[in-house]
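Me: Could you take a close look at the aromatic rings in this model and walk me through how they pair up? I'm new to this, so please explain the terms as you go.

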Amino acid sequence: MMSRQTVDLFFKRVMDILLGVAGLLVTAPIMLVVATCIKLEDGGPVLFVQTRTGKDGKLFSIYKFRSMKVDAKQQNEYGKGWESGVPDTFIFKEGNGKNPCITKVGGFIRRTSIDELPQFFNVVIGNMSLVGPRPEIPDITCHYSEEQKKRLRVKPGLTGWAQVNGRSLITNGEKMQMDCHYVDHRSIRMDMYILMLTVKVVLTFRGAV
């Protein structure tokens, strides 16, 4: 007899495929318009592909609409003083007003979360889920403490418990607590609840950068 966890994982994957494909079909016209606008603005690539850390530390390529200038160079210095893990006070993203490298189109698609739409492909492929902790870059996850690695036990998500409770407005410590809470209490019912809350968060631009 299959365990409850196995059954939940099966139905979660089915839900990911069905809703992921539906998401691609419904948002296809929007993605076509956005792709055209990005291309017309500076002639650069439409998609931004970046390596992220997935379940059990496995690396994968995440897809987003490019929101930064082609020649933008991100000089991030992570790891200083992180011997005991990523600090609770750490905040990964900066707002649009603090980053001159973000394009005009990029500013809009970030505020509206449209830049995340290509991740429906990640969901259908299977290296992401609709719901789960947001995937971080390896430069950050390589400094995780044993407790922080708990958020890597599940597939990263297009949305998650932390995203509907503050997104970029919360610190790393708060995000870790929320992500670990999700890992401990995840269920299909909780996923559906988070998906419903995500619609409200996206429409109100709460925590968007």
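Reply: Sure! There are 3 aromatic pairs here, where rings of Phe, Tyr and Trp (its six-membered ring) pair if their centres lie within 6.5 Å, and planes under 30 degrees apart count as stacked, over 60 as edge-to-face and the rest as tilted. Take Phe10 and Phe11: their ring centres sit 5.3 Å apart with the planes at 75°, so this pair is edge-to-face. Keep in mind that this is a predicted model, where local features need pLDDT of at least 70, side-chain atom pairs count only at pLDDT 80 or more, and totals for chains, interfaces and linings use all residues. Residues are numbered from 1 along each chain as its sequence is written, and side-chain values use heavy atoms, with hydrogens and water left out.

How open are these rings? Phe10 is exposed, at 52% relative accessible area, while Phe11 is partly exposed at 47% (buried means under 20%, exposed over 50%, partly exposed in between, with a 1.4 Å probe and protein chains only).

Another pair is Trp161 with Tyr193, which is tilted: 6.3 Å from centre to centre, with 40° between the planes. This one links distant parts of the chain, 32 residues apart: Trp161 is in the loop between strand 4 (157-159) and helix 5 (172-185), and Tyr193 is in helix 6 (residues 188-204). Helices (H or I, at least four residues) and strands (E, at least two) are DSSP runs, numbered from the N terminus. Tyr193 is partly exposed, at 42% relative accessible area.
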